[in-house]
Amino acid sequence: ILAQAWCEAVVQRTIEYVDPANAPEEGSYDPATQGSRNAARPGESLSEINRLMGRKLRVVSFKWLDSWDI
């Protein structure tokens, strides 16, 4: 091993999808429509990118750590 590095990232999941083609409330589970014949399954109306990648993530903080922080 020539070198080692450690970091810590705090990440927050946002309500927006990666692809803005879908509104944040689309694809969410709604108990009010549970059992309805016309109710879409969660994620059914999402774009292919949003089904694959989901919601956006935001890095809240990032820092490099020393070996004694581990």
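Let's start with confidence, element by element. Helix α1, residues 48–53, has the lowest mean pLDDT among the elements, at 94. Strand β2 has the highest, at 98. This is a predicted model, so those scores matter for how we read it. Across the protein, the average pLDDT is 86. Of the residues, 79% score at least 70. One caution here. Where pLDDT is low, the coordinates should not be read in detail.

Now the layout. The protein has 70 residues. Its secondary structure comes to one helix and two strands. Read along the sequence, the pattern is β-α-β. Strand β1 covers residues 6–17. Strand β2 covers residues 55–65.

How much is buried? Buried residues make up 14% of the protein. The accessible surface comes to about 6,100 Å². Carbon and sulfur atoms account for 54% of that surface.

Next, contacts. Take those between residues at least 6 apart in sequence. Of these, 78% join residues at least 24 apart. Let's look at examples, beginning with β1 and β2.

Gln12 is in strand β1. Leu57 is in strand β2. They are 45 residues apart along the chain, yet their C-alpha atoms are separated by 5.6 Å. Leaving out residues up to four places away in sequence, Gln12 touches Lys56, Leu57, Arg58 and Val60. What does the side chain of Gln12 do with the side chain of Arg58? The two make a polar contact, at 2.5 Å. Gln12 itself is partly exposed, with a relative accessible area of 36%.

Stay with Leu57 for a moment. Is Leu57 buried or exposed? Leu57 is exposed, because its relative accessible area is 60% and the exposed class begins over 50%. Its contacts beyond four places in sequence are Val11, Gln12 and Arg13. Now compare a position a little further along β1. Ile15 is 42 residues from Leu57 along the chain, and their C-alpha atoms are separated by 9.0 Å.

On to Thr14, also in strand β1. Thr14 is buried, since its relative accessible area of 18% falls under the 20% cut-off. Setting aside neighbours within four places in sequence, Thr14 is in contact with Arg55, Lys56 and Arg58. The side chain of Thr14 also has a polar contact with the side chain of Glu16, at 3.3 Å.

Now charges. How many salt bridges does a search of the whole structure find? The search finds one. The partners are the side chains of Glu8 and Lys63, at 3.8 Å from N to O. Glu8 lies in strand β1 and Lys63 in strand β2, so this pair ties together parts that are 55 residues apart in sequence. Both partners are partly exposed: Glu8 has 36% relative accessibility, and Lys63 has 45%.

Let's turn to the surface. There is a nonpolar patch here. Its members are Val11, Leu57, Val59, Phe62 and Trp64. Together they have about 570 Å² of accessible area. Which element gives the patch its largest share? That is β2, with four residues. We have already met Leu57, with its 60% relative accessible area. Trp64 is also in strand β2. Trp64 is exposed as well, because its relative accessible area is 60%, over the 50% cut-off.

Last stop: the loop between β1 and α1. Asn22 sits in that loop. Is Asn22 buried or exposed? Asn22 counts as buried, because its relative accessibility is 7%, under the 20% cut-off. What does Asn22 touch, beyond its neighbours within four places in sequence? The contacts are Tyr17, Ser45, Leu46, Ser47 and Asn50. Asn50 falls within the residue range of helix α1, 48–53. Tyr17 falls at the end of the range of β1, residues 6–17. Asn22 also has a polar contact, side chain to side chain, with Glu26, at 3.1 Å.

To recap. The model is predicted, with an average pLDDT of 86. The pattern is β-α-β. The one salt bridge found is between Glu8 and Lys63. On the surface, β2 gives the nonpolar patch four residues. In the loop between β1 and α1, Asn22 is buried at 7%. That's the tour.

Key:
Residues numbered from 1 in each chain as written. Predicted model: local features only at pLDDT ≥ 70, side-chain atom pairs only at ≥ 80, totals over all residues. Heavy atoms only, no water. Buried < 20%, exposed > 50% of the residue type's maximum accessible area, 1.4 Å probe, protein only. Contact = heavy atoms within 4.5 Å. Polar contact = N/O pair within 3.5 Å; in protein donor to acceptor, adjacent residues only side chain to side chain. Salt bridge = Lys/Arg side-chain N within 4 Å of Asp/Glu carboxyl O. pLDDT = per-residue confidence, 0-100. Patch = residues over 30% accessible without salt bridge, like charges linked within 9 Å, V, L, I, M, F, W, Y side chains within 5 Å. Areas by Shrake-Rupley, 256 points an atom, 1.4 Å probe, with all protein chains shown as cover.
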